[in-house]
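Let's take a walk through this fold together, going from one helix to the sheet beneath it and then on to a pair of helices. Please keep the view open as you read.

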Amino acid sequence: MPELPEMDNYRIQLSKYVLDLPITNIVINREKSVNVEPDAFINALLNRQIIFIERRGKHLLFHLDNGRRLVLHLMLGGLLYLGSLEDRPDRNTQIEISFANGMVLYFIGLRLGYLHLRTAKEAEELMSDLGPELFDRKMNEEKFKAIFRKRRGSLKTALINQEIVAGIGNCYADEIAFAAGLRPSAKLQNLTEDDLSGLYQATRDVLIHATEAGGYMEHPLTKDDPLTGGFNELCQVYDREGEKCNRCGDDIVKTEIAGKKVFYSPGCQHER
């Protein structure tokens, strides 16, 4: 499932191509992917413009020039492709949005995901259960530590809980735990102040690095996109079961916590 770096990568790249361009056509191939009748959805978007793209947690919010929002959640298996009619992807698409410059934004794999048309108030209400953004200007080390200091249970379970902090999923929870030198199973109530400081720095470092590298999803956003998926080769533990740890040389282990797969290096990640 796309996480914060993947969605931020989409936000940054799409903002270069589709802002302030009239929407000229909409195709809906799967009615369940939208929240209103297809004709109403199409009529609401035709000739509108996307003026801003915001990421909130694992969502993208496309701000329209009439104040409404398109709320995108790709969920498991969802991805985006931006191209012409000629280089359309060889995949089933659920939604296609065409722009005045001839580009088409293809929404793929929305078996569980969706693109909903909402008012600004409705979009805000939908996001109300999400925890704080890790890169919000109001977030700092002390606020981060306060959030986790009062929690109990495993580190991994807390990191992927969208009501605690927004945007982290399975992959980056494991990568953050590795960078912090903690096992994903480490108990939050046993972490020291130094552990929490290290966790804060690891969280920032991993998510910034992953975003700059284009996230781990390998399917390019555009035909000439050299960035998207670049972090896939840079993961230190995620999906690396049996490989040697680059830091300590131990074999990377795969296990489960609360039904979620977990990867870690036993030689250099410590239990608390």
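In this predicted model, helix 2 (residues 38–45) has Pro38, Phe41, Ile42, Ala44 and Leu45 as its buried residues. Looking down the axis of helix 2, you will find these buried residues within an arc of 165°, so they line one face of the helix. Turn to the face that points away from the buried side, and you meet the exposed residues Asp39 and Asn43.

What covers the buried residues of helix 2? The cover includes strand 1 (23–28), strand 3, strand 4, strand 6 (93–99) and strand 8. Just after the helix, have a look at asparagine 47, where phi is positive at about 70°.

Now for the sheet. Four strands make up an open, antiparallel sheet, and their order is 2-3-4-8. Strand 2 (50–56) and strand 8 (114–118) each have a single partner strand and stand at the edges, so each has one side without a neighbour in the sheet. From one strand to the next, the twist averages 20°. Strand 4 (residues 69–73) and strand 8 are joined by five bridges in the antiparallel sense. If you would like a place to zoom in, try valine 71, whose bridge partner in strand 8 is histidine 116.

Two helices pack on this sheet, as the table shows.

| Helix | Strands touched | Direction of the helix |
|---|---|---|
| Helix 1 (residues 4–15) | strand 2, strand 3 (59–64), strand 4 | about 170° with strand 2 |
| Helix 2 (residues 38–45) | strand 3, strand 4, strand 8 | about 65° with strand 8 |

Let's finish with a contact between helices. Two packed helices are described by the angle between their axes and the distance between the axes. For helix 4 (residues 141–149) and helix 7 (residues 193–212), the angle is about 115° and the axes are 10 Å apart. The crossing of helix 4 past helix 7 is right-handed. On the helix 4 side, the contact is made by Glu141, Phe144, Lys145, Phe148 and Arg149, while helix 7 brings Glu193, Leu196, Ser197, Leu199, Tyr200 and Thr203. How does this contact divide by residue class? Between helix 4 and helix 7 there are five nonpolar, two polar and four charged residues.

Conventions:
Residues are numbered from 1 along each chain as its sequence is written. This is a predicted model: local features need pLDDT of at least 70, side-chain atom pairs count only at pLDDT 80 or more; totals for chains, interfaces and linings use all residues. Side-chain values use heavy atoms; hydrogens and water are left out. Axes are lines fitted to C-alpha atoms, for helices over the stretch in contact, and angles run from 0 to 180 degrees between N-to-C directions. A crossing is left-handed if the near helix is turned anticlockwise from the far one by less than a right angle, and right-handed if clockwise. Contact means heavy atoms within 4.5 Å. Ala, Val, Leu, Ile, Met, Phe, Trp, Tyr, Cys and Pro count as nonpolar, Asp, Glu, Lys and Arg as charged, and the others, Gly among them, as polar. Two strands pair if DSSP finds at least two bridges between them. Buried means under 20% relative accessible area, exposed over 50%, partly exposed in between (1.4 Å probe, protein chains only). The arc is that of the directions from the helix axis to the C-beta atoms.
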